[in-house]
Amino acid sequence: MPNTVLRWLFAFLLGIPGSMLAQTHFPLPKLAKLEQKFAAQPNSANATALSYAYMEFAKATVLRKQPDSMHFFLSKSQQTWRQVRPQNAFAKAKYFADMGYFYYVFKREYAVADSFYQLANPWIFETDSTDFIVLTQLELANVYLLRGFKQKGADLVQAWEHKVDQVANKKMRSRSFDQLRRFYESIDNPGAAERAIHYFKRDLAIAQEIEGPNSPRLLAYYCQLETRYEQIGQLDSALLMLQLLEARLSEADIFRQVWILMVGASLHLKLKDLPTAKEYLNRTWPLVQANHLEETDDGQFVIFLLGQVAQLEGRLAEAEGYFKRALETCRKADYKEGKRDILGELVTVAEKQHKYHDQARYQKELSEIEVLLTKEAYSKTIAEIETEFKVLEKDRQIKAQQAAQRLLRLGLLLAGLVLGLIVWFYLRLNKQRRALAASNQLIDSQNKELTRLNETKSRFFTNISHEFRTPLTVILGMAEQLKNNASTAQNPAAAATGLSLIQRNGENLLRLINQILELSKLDSGLLQVNWQRGDIVAYLQYLTESFYSIAQERELRLVFYPEIPELDMDYDAEKMQAIVANLLSNALKFTPRGGKVVLHAKRIPASAAGAETPECLQLIVQDTGKGIPEAELPHIFDRFYQLDDSNTRRGEGTGIGLAYTQELVKIMGGTVSVESEVGKGSTFKLSLPVTRNARAADGRVHWSHPLPAPELPNPDTQGTNFNLQTILIIEDNADVAAYLRSLLQANYQIEWATDGQAGIECAFDRVPDIIISDVMMPEKDGYEVCLTLKNDERTSHIPIILLTAKATQADKLTGLRTGADAYLEKPFHQEELFLRLQQLVALRASLQARYANLAPRAPAPAEDHSGLSLDEIFLQKLHAAVLEKLDDPELGIAYLCQVARLSHTQVFRKLKALTGENPTQFIKRLRLGRALELLQTTRLNVSEVAYRVGFNDPNYFSRAFQKVYGKAPSEARN
């Protein structure tokens with residue numbers, strides 16, 4: 001934000017120098033005299049003088065923001081000029097150049113300014129004034145630069161820069177230095193900033209020479225020079241200029257005083273001189289308050305600096321207050337750049353204060369502001385392109401009119417030529433318009449394609465990261481567990497299971513990497529086919545059998561149906577394995593339980609398809625899954641494309657499987673296609689030519705090991721132990737679930753759910769002590785699990801740890817916003833998981849102590865629960881229910897279940913989690929607490945008190961009271 005405000009102030013100071021402000025006081029009587037003089041003698045001299053007078057008034061109205069008056073005086077100036085057009089070359093050149101300067105500096109309409117300079121240029125070079133030529137050419141160079149013609153501007157500067165020292169008139173030389181300074185400030189070439197300061201100093205020296213060292217106008221130069229030094233990082237030089245400004249501080253008006261002190265504070269903050277910066281702010285802030293400048297740009301910048309100082313000194317709450325105040329001012333003024341910088345500081349302050357909700361809110365608003373600024377910049381660029389096109393058209397029209405006028409002077413004999421030129425120009429313009437339209441259409445198409453490719457690549461890298469993180473979690477975790485577990489020697493079964501998990505996930509990683517590498521080989525044409533000859537039907541049977549265990553686990557029927565008993569042909573075993581594996585795994589993945597997947601193989605003779613079509617093998621993979629929408633079918637074989645890329649997609653994937661399959665089929669000379677109907681399933685058809693050119697294998701063919709089926713952990717293998725806390729693992733990856741079980745089963749009772757919906761139902765039914773959940777799962781993702789469980793009275797107390805491969809800051813904030821108590825990234829360290837669990841257990845213990853001491857409240861007909869959590873509302877509800885029937889000796893958990901409308905298990909486990917007490921202990925504590933209150937506030941005897949609070953036996957009551965309070969009930973009265 002500081003740089004943004006300084007740039008704005010710097011542009012303002014440079015945009016309206018003192019000489020221009022002086023022009024706003026052109027006397028009205030003088031204008032009236034000039035009008036009278038021109039009316040009496042309408043010659044070129046009087047026309048020139050009156051035209052310039054109107055132009056001066058137009059400049060004044062621009063500065064006073066009176067657009068209607070500006071257009072009036074500008075129109076009057078041009079009308080007067082046309083009435084008696086001067087013939088003198090210098091007069092023509094100066095008028096057009098001054099009009100160009102007016103649109104360049106005052107109106108900032110650079111295309112129009114360029115047009116006037118072009119009109120002036122032929123007359124400029126007919127004059128013999130070097131001063132005038134140099135100045136106008138440097139002004140035109142800046143106009144080129146502002147219009148985007150950087151090279152044309154640079155060429156002009158290179159041609160005339162060395163002649164500035166030849167300008168004899170000091171004021172015109174000063175203006176020339178000013179134009180050079182503006183040019184070098186606007187480009188980012190090496191050394192440009194230093195060149196800008198060089199010319200600024202030379203301009204300043206002339207101003208000091210002309211106006212004297214004590215001129216008030218020099219303050220503006222010092223301010224500009226200090227700002228320029230600070231922007232390019234020459235802080236020592238900026239400090240010297242600040243000292244000059246302070247020496248003349250008393251001469252400045254109140255606005256410049258505030259600006260000087262404000263810049264001093266900002267500069268010393270950059271110099272890391274906090275005490276001096278605070279001194280400047282202590283001098284600035286009273287001036288701002290005394291003159292009611294808090295709502296101005298300067299005032300809000302001072303408030304922003306106060307916030308920065310408070311932040312550096314660790315006064316975070318005070319800093320946040322200052323930043324909020326500055327933000328409010330920027331919002332009123334709709335100052336987006338200021339809001340962006342202040343919100344950035346607020347995000348940092350909120351993070352340091354651990355106000356994650358505020359941090360997320362500020363971050364969201366900051367992102368929205370950045371998007372708006374990006375859109376505005378894009379719109380501005382488009383507008384500049386459109387303006388450029390309009391100006392080009394206008395230039396062409398002007399040139400066409402000039403050509404037409406010249407041709408008309410030749411007479412009627414050249415009329416045919418003029419007509420021909422007009423027709424040619426019209427056709428050329430139409431051609432250029434069509435070319436421009438085609439170019440724009442091509443650019444739009446390329447932009448859309450680039451956007452789609454960027455989104456596709458981003459999705460691919462997100463998916464590939466998830467695919468790598470999940471098996472790496474198992475591999476690294478099991479390796480560390482085997483390394484640190486001294487009992488593996490005594491438990492070879494556990495070691496074998498761990499090694500199996502490591503091997504399987506390592507092979508999955510290797511398979512994924514090999515697919516990516518082979519895609520790269522395909523793109524470069526280096527992938528070779530390793531043909532072998534053998535019975536393809538037997539090999540397909542072998543490949544299909546390797547998926548039977550997966551199909552059985554998912555309750556699917558997998559069938560291999562060959563129409564021929566055998567078929568001898570050439571094939572590449574590895575590539576056939578990859579093709580069949582991809583097609584079958586996709587079919588199994590997207591087919592619901594109870595469905596069917598069929599691999600159908602048949603031979604197509606050459607005669608059946610035509611004489612020129614060779615014999616081929618056709619494979620058909622058909623499933624009864626959910627099907628593919630018709631709009632998605634053309635993209636199904638696109639690389640990195642995924643039909644479902646949401647957090648709840650079934651299974652995992654990178655979007656390269658089907659693309660890889662298609663490329664393998666092509667390299668083997670075949671074709672692959674897909675047919676699908678939503679709700680009925682999909683059919684993939686694969687055709688491969690039958691050849692017998694390879695060498696037949698001797699004896700039995702040894703095929704490479706196919707894809708192994710994962711060994712799913714059985715949630716019922718662990719016996720129930722009520723002395724252990726229960727952890728519910730919600731994870732669709734069986735290996736990760738098995739790894740987590742191996743880590744936690746010694747200290748916790750383990751429950752496991754394979755998707756988000758099953759996890760929610762299990763949590764409602766079992767009410768576990770802790771939940772560990774993945775984010776990307778079928779049915780319901782981890783965020784939906786958090787929102788559902790945290791907003792339900794049955795499960796709102798359960799701590800939830802999100803354990804996921806989605807590792808960006810935005811994903812983490814989303815998880816925390818939905819109610820997660822912790823967010824761990826895959827792969828994770830075992831110690832971190834254990835520490836998180838210990839912290840959650842400790843936090844639950846502290847909450848139990850708090851809730852156990854929560855004061856019971858009498859029932860109210862319409863009690864206000866605003867501000868209470870679901871857990872507090874639950875306890876207050878049970879407190880009220882117990883107090884209402886406190887004298888009933890039969891009061892027990894059945895009544896609590898009826899009041900809470902929950903099951904026996906849910907009430908028992910929730911009450912135990914919140915207070916550390918079972919329902920009987922909870923009721924007993926409330927009875928004894930009420931008994932103590934009655935003993936201390938009434939004259940009832942011990943037996944009466946016992947019966948009042950639901951005890952049938954006064955002796956048992958006395959023993960229970962003595963055990964809890966350490967004294968007999970009779971002693972509690974004293």
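## Close-up views of a predicted model

**View 1. Val-674 and Phe-684 face each other as bridge partners.** Start with one pair of residues: Val-674 has Phe-684 of β7 as its bridge partner. Keep in mind as you look around that this is a predicted model. The strands to find here are β6 (residues 671-677) and β7, which run antiparallel and are joined by 7 bridges. Together β6 and β7 form a hairpin with 3 residues between the strands. Look there for Gly-679, which takes a positive phi near 90°.

**View 2. Strand β7 also pairs with β5.** Now follow β7 to another partner: strand β5 (residues 616-623) pairs with β7 in the antiparallel sense, over 7 bridges. To find your place, look for Leu-617, whose bridge partner in β7 is Leu-688. Is β7 largely enclosed or left open by the rest of the structure? Strand β7 (residues 681-689) is largely enclosed, because 7 of its 9 residues are buried. If pairing is new to you, here is the general idea: strands of a sheet pair through backbone hydrogen bonds, either parallel or antiparallel.

**View 3. Five strands line up in an open sheet.** Reading across this sheet of 5 strands, you meet β9-β8-β10-β11-β12, with parallel pairing. Why is one side of β9 and of β12 left without a neighbour in the sheet? Strands β9 (748-753) and β12 (822-825) stand at the edges, so each has a single partner strand. From one strand to the next, the twist averages 20°. Further in, β8 (residues 725-730) and β10 (residues 770-773) run parallel and are joined by 4 bridges. One pair to look for is Ile-727 with its bridge partner in β10, Ile-770.

**View 4. Helix α29 lies across the open sheet's strands.** Helix α29 (residues 782-790) lies across four strands you can now name: β8, β10, β11 (800-804) and β12. Compare the directions of α29 and β11, and you will find the helix running at about 175° to that strand.

**View 5. Helices α14 and α16 cross.** The axes of α14 (residues 254-270) and α16 (residues 297-312) come within 10 Å and cross at roughly 25°. Angles under 35 degrees count as roughly parallel, and α14 and α16 are therefore roughly parallel to each other. Their crossing is left-handed. Which residues make the contact? On α14 they include Phe-255, Trp-259 and Met-262, while those on α16 include Asp-298, Phe-301 and Leu-305. By class, the contact has 11 nonpolar, 2 polar and 1 charged residues.

Conventions: Residues numbered from 1 in each chain as written. Predicted model: local features only at pLDDT ≥ 70, side-chain atom pairs only at ≥ 80, totals over all residues. Heavy atoms only, no water. Pairing = 2+ DSSP bridges. Helix = DSSP H or I, 4+ residues; strand = E, 2+ residues; numbered from the N terminus. Axes fitted to C-alpha atoms, helices over the stretch in contact; angles between N-to-C directions. Contact = heavy atoms within 4.5 Å. Parallel < 35°, antiparallel > 145°, perpendicular 65-115°, else oblique. Left-handed = near helix turned anticlockwise from the far one by under 90°. Nonpolar A, V, L, I, M, F, W, Y, C, P; charged D, E, K, R; others polar. Buried < 20%, exposed > 50% of the residue type's maximum accessible area, 1.4 Å probe, protein only.
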